[in-house]
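Here are a few exercises to work through with the model open beside you. Try each task before reading its solution.

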Amino acid sequence: MKSVLVFGASGAIGRFLLPRLVLAGWSVTAMSRRPQAAQPGIEWRVGALERDAPSPGRFDAIASCGPLDAFARWFDQTPAGGRPRVVAFGSQSIDSKRDSPDPAERALVARLADAEQRLFAAAAARGCVCTVLRPTLVYGAGIDRSLTPLARHAMRWRVFPRVSFAHGLRQPVHADDLAAACAQLLADDATGARVYALGGGERLAFAAMLERVRLSLPMRCLPVPVPLPLAHALAAFARALGVATTPAAVARLREDLVADDAPARAQFGWNPRPFHPDPATWGLAGRASR
Ligand SMILES: NC(=O)c1ccc[n+]([C@@H]2O[C@H](COP(=O)([O-])OP(=O)(O)OC[C@H]3O[C@@H](n4cnc5c(N)ncnc54)[C@H](OP(=O)(O)O)[C@@H]3O)[C@@H](O)[C@H]2O)c1
C-alpha cells in the first residue's frame with residue numbers, strides 16, 4: 001500500500017482530499033495543529049509541521065493543502081531521504097496581486113514566489129517530482145473567508161449586495177475539483193515538475209457570481225444595489241464581519257481575475273464543474289427553503 005502525508009488536511013481542499021485518497025487505496029497520514037475527529041483510514045498526526053511532522057522520506061507522496069511558505073520551508077529544511085512525489089497548492093494571487101497598491105498583498109506575492117522557488121529547488125535536489133497548483137477563488141467547503149461569510153450574513157439579514165458595476169470576470173473553483181486533481185497527480189509522475197493555474201469551469205462577472213450566491217440561498221434575500229462609491233464602505237463593514245476583503249480587492253472588481261488552465265486541461269484532463277452553488281455549498285443544508 002502506498003503512503004501519503006497530507007499537510008493542511010483540515011482546510012477547504014484537504015477535507016475533500018482525505019476521503020479521495022482513502023478510496024484510492026493510499027495509507028494516509030494527515031497533519032493538523034489541533035486534534036481532529038477520527039476518520040476511517042486516516043492517521044492524524046497532531047502538532048506543528050516543523051516540529052512534529054514525520055520524515056518526508058517515509059512517504060511515497062506528500063500533499064500540501066495549507067500555506068505554501070510553511071510547507072516549502074519544512075520540506076527544504078528536513079533531512080533528505082526517499083523521493084516522495086510532491087503536489088502543493090499555491091495561489092493564482094501570485095499573478096492577480098502582483099501589481100497591487102496594497103503592500104501586504106505584494107508581500108504575499110513575494111512569499112508565494114519565494115516558496116515556489118524554494119520548493120522546486122529542494123525537490124530537484126532530492127530528485128522528487130514536484131507540481132504546484134495555483135487555484136483561483138476557492139469555494140465549496142463552507143469554511144472559506146470570502147463567499148461563505150457573505151452567504152451566511154445575508155441569510156441573517158435577508159438582504160444581499162448587488163454590485164452591477166463589478167464586471168470583472170471571476171473563475172471560482174470548487175475545492176473538491178482541486179482535491180480530485182491533487183489525488184490524480186499524486187499517483188502520476190508523468191505530469192512532471194511544473195506549475196499549473198487552475199480555475200473553475202465557468203468565467204462570470206463578479207456581479208453575476210454574487211447573484212448566483214444569492215439565488216442559491218434557501219431563503220429569499222432582497223438584492224440591494226450598492227454603487228461603486230459605497231462599495232469601499234461596505235467592504236470595510238464586511239471585513240469587520242470576517243469577510244477577507246481589502247480596499248485593493250474592491251478596486252479589482254472591474255478587473256478580470258481568471259486562470260489560463262488550458263495546460264492543465266491538456267496535460268491531465270482538468271475539467272472542473274461550473275459555478276452552481278446550493279445551500280450545502282455554504283454549510284446551510286437543511287435550512288428552511290425560499
Ligand atoms: N481559499 C482560497 O480562496 C484560496 C485561493 C487560492 C489558493 N488557495 C490555497 O489553497 C490551499 C487551501 O486553501 P485553504 O483556504 O483551505 O487553506 P488555509 O487557510 O491555508 O489552511 C488549510 C489548513 O492548513 C493549516 N494551516 C493554516 N495555517 C497554518 C500555519 N500557519 N501553519 C501550519 N498549518 C497551517 C490549517 O490546518 P490546522 O489548523 O488543522 O493545522 C488549515 O486548516 C492553500 O494552499 C491556499 O493558499 C486558497
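**Surface, overall build and one helix**

The accessible surface of the chain is about 13300 Å², and carbon and sulfur atoms account for 55% of it. Keep in mind that this is a predicted model.

**Exercise 1.** Work out whether the chain is as compact as a globular protein of its length.

*Solution.* Start with the inventory: the chain holds 11 helices and 13 strands. Next, compare two values: the radius of gyration is 20 Å, and the globule rule gives 19 Å for 290 residues. These are close, so the chain is as compact as a globular protein of that length. For the outline, the C-alpha atoms fill a box of roughly 60 × 40 × 35 Å along the principal axes.

**Exercise 2.** Find what share of the residues is buried, and how far apart in sequence contacting residues lie.

*Solution.* First, take buried to mean under 20% relative accessible area. By that cut-off, 51% of the 290 residues are buried. Then look at contacts between residues at least 6 apart in sequence: 76% of them join residues at least 24 apart.

**Exercise 3.** Locate the mean positions of the positive and negative charges and give their separation.

*Solution.* Count 36 positive and 24 negative charges; their mean positions lie 6 Å apart.

**Exercise 4.** Decide whether helix H7 is enclosed or not, and check its span.

*Solution.* H7 covers residues 175-186, and its 12 residues reach 16 Å from first C-alpha to last, close to the expected 16 Å. Now go through the burial: the buried residues include Asp-176, Asp-177, Cys-182 and Leu-186. In total 10 of the 12 are buried, so H7 is largely enclosed by the rest of the structure.

Note on methods:
Residues are numbered from 1 along each chain as its sequence is written. This is a predicted model: local features need pLDDT of at least 70, side-chain atom pairs count only at pLDDT 80 or more; totals for chains, interfaces and linings use all residues. Side-chain values use heavy atoms; hydrogens and water are left out. Helices (H or I, at least four residues) and strands (E, at least two) are DSSP runs, numbered from the N terminus. The radius of gyration is taken over C-alpha atoms; the globule rule is 2.2 Å times the number of residues to the power 0.38. Buried means under 20% relative accessible area, exposed over 50%, partly exposed in between (1.4 Å probe, protein chains only). Contact means heavy atoms within 4.5 Å. Accessible areas come from the Shrake-Rupley method with a 1.4 Å probe; for residues, only the protein chains shown count as cover. Lys and Arg count as positive and Asp and Glu as negative; His and the chain ends are not counted. The place of a charge is taken as NZ of Lys, CZ of Arg, CG of Asp or CD of Glu. The expected span of a helix is 1.5 Å times one less than its number of residues.
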